[in-house]
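Student: Please take a close look with me at one strand in the middle of a sheet, and then connect what we find there to other parts of the chain. I would like each step spelled out slowly.

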Amino acid sequence: MKHRDHTRLLASLSEEYEKRSPRSAALQAEALRHLVDGGSHALRLLQPFPPRITGAAGAYLTDEDGHRILDFWQGHYANILGHNPPALLDALREGFASGYGLQTGFTDRLQVQTAELLCRLTASERVRFTTSGALTTMYAVLLARAFTGRDRIMKVGGGWHGAQPWGLKGVDYHDENHSRFQHVETKGLPTAIAREVLVTRFNDPEMLEGLFRRHGNSVACFILEPFMGAGGFMPAERQYLALARELCTRYGAVLIFDEVISGFRFHTGAVSQLYGVQPDLATFAKAIGGGMPVAAVAGKAELLNLAGRGGGVKFSGGTYSAHPASMLAARTMMGYLEANARDIYPRLAALGERCRRAVEAAFAAEGLHAVCTGDGNEAVPGSSLGMVHFPYRDGTRFRSPEDNRNPDICDVVLGDTVVQLALLLEDVYVVHGLGSLSTAHTEADIERLAEACRRAARRIRASL
Ligand SMILES: Cc1ncc(COP(=O)(O)O)c(C=O)c1O
């Protein structure tokens, strides 16, 4: 199938963007002298250059050129209360003022309390903290391989578990020979990764059963997000998760739920609890830190204890694991979310629903067929996530990344690249066409987004 070519539109959007952001443009030139591509995370380095941010509060950012930008990226979906939420800032300020916050290298009462809170809220027996989502999934896989004495890892195509060796296969869609999600994503990996990581399709029970039938006795773990994040914001179907649990138990494999995005996003705990499916290990990050680098592997004691004395797994956490300021942030955030859950989660769900429908309606009003994923299902009653797709046909169903990342089904460049730049010209920041809502967003913000989408859609229509 011939894909649409957006080169000319992107060139004209870039030209306009360069004109209205001269200070960010100048900083990009400086940045390139020392920083690869001008920064330290590929997703932040949109082309021709990113807006350089000077401050953030709630739903808004300010940049070097004085723009006030409505933000749906919200710290890679970490900021459930918006940027710099007062409850967290107050706790950190108080901590630092009283001499608590940078005394890393020790352990203390606060870590014990934070662990108690996380275990109680997520129904976990043990937890160990570290500093990033990628490290949590790496350690979880290490625990699973040690526990089972097996090598193979199973994951779903399109699933992003951070930049760690076992997560670096089957993330991006590859068009050639319809190979889709069977590639390793980086040079430099041990060659064994291509063999040891088996990739199955999200929400496809037959494929999962087939893979387990063929390889189940050599599979150490199946790792997946119960609510698919960067791959497309799609919830697992209830039967699919239940089947994953059953197959892991039957074949002696460890079930790992990566809840780096979904943890504390839908209620005060793991999304798996809403499904009534208990994994053996789960990983948490993002929302529990409210913007601070904190991450955790939680789950069954018999697995996590392998990280302990005599257990043989070098899950040492790292210099900044359970960093005091991060622990303070995590305890404050989880405590706040628990205390205010009745207000926070229904509000987030209502805003999310309104936002997804408003974006679809805005594009439709200008003659562009857009579909927002991110809706909940029978297990997840509401959701504050949204991703925009431009399917070529009406009625396209989105059940796995095979649907939304396939350029024969959706105009992927339009959803990812064009919309991002077109909306930035309207002072709205999105990733994958939208992002996440926080409690700091308002209905007026959604109306502003909708208007921005209508304006962006008009330019896009004119170029097609
Ligand atoms: C589901 C999931 N797991 C793991 C990670 C990696 O987390 P980090 O970027 O903190 O290493 C991410 C990051 O976006 C994620 O979305």
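Tutor: Let us begin with strand S5 and its partners: S5 runs parallel to strand S6, residues 197-200, and four bridges join the two. Before going further, please keep in mind that this is a predicted model. One place to see the pairing with S6 is Val156, which stands opposite Thr200 in that strand. S5 also has strand S7, residues 219-224, as a parallel partner, and here again four bridges make the connection. In this second pairing you can look for Met154, which stands opposite Phe222 in S7. Strands of a sheet pair through backbone hydrogen bonds, and the pairing may be parallel or antiparallel. Now consider how covered the strand is: S5 spans residues 152-156, and four of these five residues are buried, so the strand is largely enclosed by the rest of the structure. Remember that a residue is called buried when its relative accessible area is under 20%.

From the strand we can turn to the ligand. The residues that surround the ligand include Trp160, His161 and Gly162, and also Glu225. Others in this shell are Ser132, Gly133, Ala134, Asp258, Val260, Ile261 and Lys286. Sorted by character, the shell has four nonpolar, four polar and three charged residues. For Gly133, a backbone N or O atom lies 2.8 Å from an oxygen atom of the ligand, and a backbone N or O atom of Ala134 likewise lies 2.8 Å from a ligand oxygen atom. With Lys286 the contact comes from the side chain, where a polar atom lies 2.9 Å from an oxygen atom of the ligand. On its own the ligand has 390 Å² of accessible area, and the protein covers 82% of this.

The strand we started from can also be set beside strands in other sheets. One open sheet has four strands in the order S1-S2-S3-S15, and its pairing is mixed. Its edge strands are S1 (53-57) and S15 (428-429), each of which pairs on one side only. Two bridges join S15 to strand S3, residues 68-71, and these two strands run parallel; within this pairing, Asp71 stands opposite Tyr429.

Another open sheet is made of three strands in the order S13-S14-S16, and here the pairing is antiparallel. S13 (371-373) and S16 (435-436) are at the edges with a single partner strand each, so one side of each has no neighbour in the sheet. The connection between S14, residues 385-389, and S16 consists of two bridges, and the strands run antiparallel. There Leu385 has Ser436 as its bridge partner.

Finally, we can look at how aromatic rings meet, since the count comes to 11 aromatic pairs. One of them joins Tyr173 and Phe181, whose rings are 5.5 Å apart from centre to centre with 85° between the planes, an edge-to-face arrangement. Tyr173 has a relative accessible area of 14% and is therefore buried, and Phe181, at 2%, counts as buried too. Elsewhere, ring pairs link Trp73, Tyr77 and Phe233 into a cluster. To return to the beginning, S5 has bridges to S6 and to S7, and four of its five residues are buried.

Conventions. Residues are numbered from 1 along each chain as its sequence is written. This is a predicted model: local features need pLDDT of at least 70, side-chain atom pairs count only at pLDDT 80 or more; totals for chains, interfaces and linings use all residues. Side-chain values use heavy atoms; hydrogens and water are left out. Buried means under 20% relative accessible area, exposed over 50%, partly exposed in between (1.4 Å probe, protein chains only). Two strands pair if DSSP finds at least two bridges between them. A residue is near a molecule or strand if one of its heavy atoms lies within 4 Å of it. A polar contact is a pair of N or O atoms within 3.5 Å; within protein, one must be able to donate a hydrogen and the other to accept it, and residues adjacent in sequence count only if both atoms are side-chain atoms. Accessible areas come from the Shrake-Rupley method with a 1.4 Å probe; for residues, only the protein chains shown count as cover. Ala, Val, Leu, Ile, Met, Phe, Trp, Tyr, Cys and Pro count as nonpolar, Asp, Glu, Lys and Arg as charged, and the others, Gly among them, as polar. Rings of Phe, Tyr and Trp (its six-membered ring) pair if their centres lie within 6.5 Å; planes under 30 degrees apart count as stacked, over 60 as edge-to-face and the rest as tilted.
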